Amino acid sequence: MESCIIKSPLGFTKISGDEYGITSISILNSDERVTDVIPKELEDCAHQLNEYFEGKRTQFDLLLNPEGTSFQKKVWDALQTIPYGKTCSYLDLSQQLGDAKAIRAVANANGKNPLWIVVPCHRVIGSDGSLTGYAGGLHRKQWLLEHESPYKQQSLF
């Protein structure tokens, strides 16, 4: 298993994976040393994440290999259908998966998503439009949603 650390506008990001795909992408809550030479298996992921943050990429094209239960993987696959710049609620996601009563299980699987940004769990919000829990912190979730918004905030000055 290879890993590397890159710097993003939201902090240091750790990417792990091998020839079978990316297994995890996570935001770190501490300063880390950026990897000097990114392993070959992770180069494309690092490049695509940088393009995303530069506003040049709205979809990812990566081989993914996260570890999880079959239900978690089903939820993570559903998350990838939420378009860039759009959001849905946990209830919407549960209904999409065929069981509106599974909302807590869907929220739990969403919270265990090991592929930060690439599997866009940040696009899931509360039914009332509120920002709800996010492993990377609500400030990062807000930043990501604003980054993807087609409506950019104008400067007051």
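## A two-domain model and its annotated cysteine

E148 and R123 form a salt bridge, with their closest N and O atoms 2.7 Å apart. This pair links distant parts of the chain, since E148 is in helix α5 (residues 138-148) and R123 is in the loop between α4 and β5, 25 residues apart. Please keep in mind that this is a predicted model. The domain assignment gives domain 1 (2-54) and domain 2 (70-148). The points below start with the salt bridges, then turn to the annotated cysteine, its neighbour L79, helix α2 and the domain interface.

**Salt bridges**

- How many salt bridges does a search of the whole structure find? The search finds 4, and three of them are described in this briefing, including the E148 pair above.
- E148 counts as buried because its relative accessible area is 4%, under the 20% cut-off.
- R123, its partner, is also buried, because its relative accessibility is 5%.
- R57 and E51 meet through their side chains in another salt bridge, at 2.8 Å from N to O. Both of these residues are buried.
- D36 and R33 also join their side chains in a salt bridge, again with an N to O distance of 2.8 Å.
- Are D36 and R33 buried or exposed? D36 is exposed, with a relative accessible area of 62%, and R33 is exposed with a value of 62%. Both therefore lie over the 50% cut-off for an exposed residue.

**The annotated cysteine, C121**

- UniProt, in an unreviewed entry, places the feature "active site" at C121.
- Where does C121 sit? Its place is in the loop between α4 (103-111) and β5 (124-125). R123, of the salt bridge with E148, is in the loop between α4 and β5 as well.
- Why does C121 count as buried? Its relative accessible area is 9%, which is under the 20% cut-off for a buried residue.
- Which residues does C121 contact, once neighbours within four places in sequence are left aside? They are L79, N110, N113 and Y134.

**L79, a contact of C121**

- L79 belongs to helix α2 (residues 70-79).
- L79 is buried because its relative accessibility is 0%, and the cut-off for buried is under 20%.
- Not counting residues up to four places away in sequence, L79 touches L93, N110, V119, P120, C121 and V124. N110 is thus on the contact list of L79 and also on that of C121.
- L79 and N113 are 34 residues apart along the chain, and their C-alpha atoms are separated by 9.6 Å. N113 is one of the contacts of C121.

**Q72, also in helix α2**

- Q72 is found in helix α2, the helix that holds L79.
- Q72 is buried, with a relative accessible area of 13%.
- A polar atom of the Q72 side chain lies 2.8 Å from the backbone nitrogen of T69.
- Leaving aside neighbours within four places in sequence, Q72 is in contact with A109 and K112.

**How the two domains meet**

- The centres of domain 1 and domain 2, taken over C-alpha atoms, are 21 Å apart.
- At their interface, 15 residues of domain 1 are in contact with 13 residues of domain 2.
- The size of an interface is often given as the accessible area lost when the parts come together. Here, domain 1 and domain 2 bury about 1200 Å² between them, with 69% of it on carbon and sulfur atoms.
- Which three residues supply 55% of the area that domain 1 buries against domain 2? They are L10, I25 and Y52, and they supply more than any other three residues.
- Across this interface the rule finds 0 salt bridges, whereas it finds 6 residue pairs in polar contact.
- On the side of domain 1 that touches domain 2, β3 (21-27) and α1 (40-53) each supply at least two residues. Strand β3 gives the most, with 6 residues.

**The annotated domain, residues 6-64**

- An unreviewed UniProt entry annotates residues 6-64 as "domain: Methylguanine DNA methyltransferase ribonuclease-like".
- The span of residues 6-64 is 24% helix and 31% strand, and its end C-alpha atoms lie 18 Å apart.

Terms used
Residues are numbered from 1 along each chain as its sequence is written. This is a predicted model: local features need pLDDT of at least 70, side-chain atom pairs count only at pLDDT 80 or more; totals for chains, interfaces and linings use all residues. Side-chain values use heavy atoms; hydrogens and water are left out. UniProt positions are given in the numbering used here, feature names are shortened, and annotations may be inferred rather than shown by experiment. Helices (H or I, at least four residues) and strands (E, at least two) are DSSP runs, numbered from the N terminus. Buried means under 20% relative accessible area, exposed over 50%, partly exposed in between (1.4 Å probe, protein chains only). Contact means heavy atoms within 4.5 Å. Domain bounds come from an automatic or database domain assignment. Buried area is the accessible area (1.4 Å probe) that two parts lose on being put together, summed over both. A polar contact is a pair of N or O atoms within 3.5 Å; within protein, one must be able to donate a hydrogen and the other to accept it, and residues adjacent in sequence count only if both atoms are side-chain atoms.
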